[in-house]
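User: I would like to learn how to read several local features of a structural model, beginning with a metal site. Please take each one in turn.

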Amino acid sequence: MDSSGTNSVVKKFLLHLHPKKVDENAICFNRTFGLGGIATLLFVILATTGLMLRFIYVPVIDMAYDSIVSLQEFYIFGRLLRNLHYWSANLMVAVVFLHLVRVLYSQSVYFERRKNWLYGLILFSIVLSFNFTGYLLPWDQLSYWAVTIMTEILSYIPLIGHPVSIALKGGEQVGQNTLTNFYALHTGVLPLLIIVFMVLHFWLVRKVKGVTTGKEKGIYVNVNPNLIRKEIIAALSVFALLMFLSIFLNAPLKEMANPLVSPNPSKAPWYFMGLQEFLMHIHPAFVAFVVPSVVISFFVYLSYMKQEKINVGVWFNSSEGKRLVIHAAVFAFLLTFVLILATDYLLDFRGWFSSMPVIISTGLFPLLLYVIPAGGYVWFLWKIKKVNKPELFLVIATIIIVSYIVMMMTGLWLRGESMKLIF
Ligand code: HEM
């Protein structure tokens, strides 16, 4: 097939994913930033490079590491292939997270879009699970210890945590059974799940006649070339960025996993670093169960809000909403950072309340230290400033998101040997 033939196949495929005509307002770049489309493209790149990696990779603990080394050293473009998979996977987490933030702040999660928001939350957890299971596969020190930390956190979920962690690991320790399980999840179960939910997700976007615009119906224009051209430009830019990263920055590979020697510091992957940082300040049951349950319930619950004051498709609901979100971000940044410093250097709840159960002294007390000012701030906006519910929910979401980002960055950049703070 000549290049114009290939071109028209690509165009026909893209046209099948879209209606014939679209609202002009819906295809402005700063409406969606193309993030959903970029996530789709990254999935295609991941599936393709992942399938190729399967030909070389051996999911056996004595051979996994060597198979990665030989892929990089002896196969033509082997290193590039691994790097492309690695960078696409990391970019996928970031892009899907930004897409989530975009739909949230553009008030696109209500009414007929609620179901898609819920499918989106499932998709987000699938993307994280993909990364988590893939992380172990190179079987080096980095992956072995990160997965050990993460499965330990998991075991703190009441009742089901320990059995789930044991089932995932296939035993008490991270070993061959863990690698077999993770490989099966990463290359079998999760790809199936993501495809099912992506199809549902796209179908629901079509069903509600495309993305929100925040405006009265605009002029309808042909998808081809108006949208297709933009999609091709976005796809080529993402591909160029990926190639650049993959040529100049290698995916990490430390020494082969050694269950007897843990690296110092031993850190989780960047997107879970917020959880690891959180673990340094509060009882593990709160990190693994209490706080995630509250946060997930909140993000599910908010989409059930039915209010006239929701301005679907309007960024931050209004200009006042935007101001409130900026203030909330600054507040959450300062509160989280001050509490990180305080619990590291000043407070010793375990020592001060040694006669109390640790779940109270190192769990409830540090949590209250955060919840009282954050709750007070939200209460002040609600009761005194009479902020409406849609904007109040954006404020709460901002406090949660910014707090997580501050913890993640502290863990990533400000923790050195023995996880001590370094400036
Ligand atoms: C594999 C991951 C995902 C893919 C491939 C994907 C893809 C898409 C695409 C192509 C669109 C339409 C264009 C756009 O908004 O950019 C869209 C819209 C949407 N997505 Fe996703 N998405 C993913 C994950 C998520 C997540 C994690 C959420 C939220 C939790 C989410 C919620 C939504 C919602 C509510 C819409 C409708 C937005 C509107 O009508 O303005 N998606 N998605």
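The dialogue below treats the metal site, the ligand shell, aromatic pairs and backbone geometry.

Analyst: Please note at the outset that this is a predicted model.

User: Which residues coordinate the iron atom of the ligand, and at what distances?

Analyst: His99 and His201 coordinate the iron atom of the ligand, each through NE2, at 2.0 to 2.1 Å.

User: How is the geometry of such a site judged?

Analyst: Ideal angles at a metal are 90 or 180 degrees for six octahedral donors. Here the angles among the six donor atoms range from 86 to 180°, and the site is octahedral.

User: Where do the two histidines lie in the chain?

Analyst: Histidine 99 belongs to helix H5 (residues 78–105) and histidine 201 to helix H9 (residues 176–207), so the pair ties together parts that are 102 residues apart in sequence. Histidine 201 has 13% relative accessibility and therefore counts as buried, the limit being under 20%.

User: How many residues surround the ligand, and how do they divide by class?

Analyst: The ligand is surrounded by 25 residues, and the closest are His99, Arg102, Arg113, Gly120 and His201. By class, the shell holds 12 nonpolar, 11 polar and two charged residues.

User: What distances separate polar atoms of the ligand from those of glycine 36, histidine 99 and arginine 113?

Analyst: A polar side-chain atom of arginine 113 is 2.5 Å from an oxygen atom of the ligand. For histidine 99, an N or O atom of the side chain lies 2.8 Å from a ligand nitrogen atom. Glycine 36 places a polar backbone atom 3.0 Å from an oxygen atom of the ligand. The elements contributing two or more residues to the shell are helix H3 (35–53), H5, helix H6 (114–136) and H9.

User: How are aromatic pairs classified?

Analyst: The angle between ring planes decides: under 30 degrees counts as stacked, over 60 as edge-to-face. The count here is 26 aromatic pairs. In one of them, phenylalanine 333 and phenylalanine 337 have ring centres 6.4 Å apart and planes at 15°, so this pair is stacked. Both residues lie in helix H13 (residues 319–345), four residues apart, about one turn of the helix. Phenylalanine 333, at 44% relative accessibility, is partly exposed, as is phenylalanine 337 at 25%.

User: Which aromatic pair is edge-to-face?

Analyst: One example is phenylalanine 349 with tryptophan 352, at 6.0 Å centre to centre and 80° between the planes. These two residues are three apart in helix H14 (residues 349–352), about one helical turn. Ring pairs also link Phe29, Phe33, Tyr105, Trp315 and Phe316 into a cluster.

User: Is glutamine 107 buried or exposed, and what does its side chain contact?

Analyst: Glutamine 107, in the loop between H5 and H6, is buried, with a relative accessible area of 0%. Its side chain forms a polar contact of 3.0 Å with that of asparagine 317.

User: Which backbone features merit inspection?

Analyst: Most residues other than glycine have a negative phi, and most peptide bonds are trans. In this model, asparagine 224 and proline 225 are joined by a cis peptide bond with omega about 10°, and proline 225 is in helix H10 (residues 223–248). The bond from asparagine 264 to proline 265 is also cis, with omega near 0°. Phenylalanine 77 has a positive phi of about 60° and is exposed, with a relative accessible area of 61%. Serine 418, with phi near 55°, lies in the segment after helix H16 (389–413).

Conventions:
Residues are numbered from 1 along each chain as its sequence is written. This is a predicted model: local features need pLDDT of at least 70, side-chain atom pairs count only at pLDDT 80 or more; totals for chains, interfaces and linings use all residues. Side-chain values use heavy atoms; hydrogens and water are left out. Donors are N, O and S atoms within 2.8 Å of the metal (3.2 Å for Na, K and Ca); water is not among the atoms, so sites may look incomplete. Four donors count as tetrahedral if all angles lie between 85 and 135 degrees; four count as square planar and six as octahedral if opposite donors are over 155 degrees apart and all others between 65 and 115; anything else is irregular. Buried means under 20% relative accessible area, exposed over 50%, partly exposed in between (1.4 Å probe, protein chains only). A residue is near a molecule or strand if one of its heavy atoms lies within 4 Å of it. A polar contact is a pair of N or O atoms within 3.5 Å; within protein, one must be able to donate a hydrogen and the other to accept it, and residues adjacent in sequence count only if both atoms are side-chain atoms. Ala, Val, Leu, Ile, Met, Phe, Trp, Tyr, Cys and Pro count as nonpolar, Asp, Glu, Lys and Arg as charged, and the others, Gly among them, as polar. Rings of Phe, Tyr and Trp (its six-membered ring) pair if their centres lie within 6.5 Å; planes under 30 degrees apart count as stacked, over 60 as edge-to-face and the rest as tilted.
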